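Reader: Could we go through this one together, a piece at a time? I'll jump between topics as things catch my eye.

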Amino acid sequence: PSVTALTPAGGQIGQTIEVAAQGAVGDKSQVWVSRDVVKVELAEAGNKFKVIVAENAAPGVCWLRFFNAEGASLLRPFIIGVLPETSEKEPNNSAAEAQKLDKNPPVVINGVLEKAGDVDTFAVSLKAGQTLIALLMAKQTLGSPMDGVLQILGPRGFVLEHNDDDHGLDPQIAFTAPTDGDYAVRLF
């Protein structure tokens, strides 16, 4: 097996998550899981499988390793969280196409920048004085080669906050809305 990444890269406590492996799971593979509160159900074929996170799981990283008679993949992190989660929906490259979040923050958004130049934008309504914290977990936690940039755009589309290396190569922004309005979080 040569699994290089998991999409989504995590899930909420007490949920069953459909996951796709990038790379190859391999024939007649099994999976080793670092925590007994997480179960994995592999499909007969293909790179999709289910991850079942128990109600009593603690938040944090769970490691998965795919293996068969031919060898084993590298360890892959799967993040167990307490917040509701949603998946990125394309197109969301511009403020005009920003994905309106189905769930109000706090929320974890699982997404992928699929090619060079890809931009992901998410719309959120904020009240004056409300603080939005946006952070990317790519390089430090997931081992992604990405050097991401986060921006907060105001209701008129101007960049109000910008960060590209708050936690190593992973950006984080804490932004307090100066006025009521629809703001956008942009990642590239």
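Reader: Let's start on the outside: which residues form a negative surface patch?

Author: Bearing in mind that this is a predicted model, the negative surface patch is formed by Asp-147, Asp-164, Asp-165 and Asp-166.

Reader: Where is Asp-147 found?

Author: Asp-147 sits in the loop that runs between helix 1 (139–142) and strand 15 (150–153). Its relative accessibility is 45%, so Asp-147 counts as partly exposed, since that class lies between buried, under 20%, and exposed, over 50%.

Reader: Strand 15, then. What order do the strands take in its open sheet?

Author: The open sheet has five strands in the order 11-13-18-15-16, and the pairing is mixed. At the edges are strand 11 (99–100) and strand 16 (159–163), each of which pairs on one side only.

Reader: And how many bridges join strand 15 to strand 18?

Author: Four bridges join strand 15 to strand 18 (residues 181–187), and these two strands run antiparallel. Within strand 18, the residue that stands opposite Leu-153 is Ala-184.

Reader: What about Val-185, is that buried or exposed?

Author: Val-185, which has its place in strand 18, has a relative accessible area of 12% and is therefore buried. From C-alpha to C-alpha, Val-185 and Leu-153 are 6.4 Å apart in space, although 32 residues apart in sequence.

Reader: Back to the surface for a moment. Which residues make the nonpolar patch?

Author: Trp-32, Val-61, Trp-63 and Leu-75 make a nonpolar surface patch of about 340 Å². Of these, Trp-32 has its place in strand 4 (residues 30–33), and because its relative accessibility is 43%, Trp-32 counts as partly exposed.

Reader: I was also looking at Arg-76. Where does Arg-76 lie, and is it buried or exposed?

Author: Arg-76 lies in strand 9 (residues 76–81), and with a relative accessibility of 14% Arg-76 counts as buried. The C-alpha atoms of Arg-76 and Pro-1 are separated by 12 Å, and the two residues are 75 residues apart along the chain.

Reader: Different topic: which side chains along strand 17 are buried?

Author: In strand 17 (residues 172–176), Ile-173 and Phe-175 point to one face and are buried, whereas Gln-172, Ala-174 and Thr-176 point to the other face and are not buried.

Reader: Why would they alternate like that?

Author: Side chains in a regular strand alternate between the two faces of the sheet.

Reader: What does strand 17 join up with, and how many bridges are there?

Author: Five bridges join strand 17 to strand 14 (residues 131–135), and the two run antiparallel. Phe-175 in strand 17 has Leu-132 standing opposite.

Reader: Now the backbone. Which peptide bonds are cis?

Author: One of them is the bond from Thr-7 to Pro-8, which is cis with omega near 0°, and Pro-8 lies in the loop between strand 1 (2–7) and strand 2 (10–12). The bond from Glu-90 to Pro-91 is also cis, with omega near -5°, and Pro-91 is found in the loop between strand 10 (85–87) and strand 11.

Reader: Last one: what is phi of Lys-28 near?

Author: Phi of Lys-28 is near 50°, which is a positive value in a residue other than glycine. Lys-28 is found in the loop between strand 3 (16–24) and strand 4, and at 80% relative accessibility Lys-28 counts as exposed.

Technical notes. Residues numbered from 1 in each chain as written. Predicted model: local features only at pLDDT ≥ 70, side-chain atom pairs only at ≥ 80, totals over all residues. Heavy atoms only, no water. Patch = residues over 30% accessible without salt bridge, like charges linked within 9 Å, V, L, I, M, F, W, Y side chains within 5 Å. Areas by Shrake-Rupley, 256 points an atom, 1.4 Å probe, with all protein chains shown as cover. Salt bridge = Lys/Arg side-chain N within 4 Å of Asp/Glu carboxyl O. Lys, Arg positive; Asp, Glu negative; His and termini not counted. Charge placed at Lys NZ, Arg CZ, Asp CG, Glu CD. Buried < 20%, exposed > 50% of the residue type's maximum accessible area, 1.4 Å probe, protein only. Pairing = 2+ DSSP bridges.
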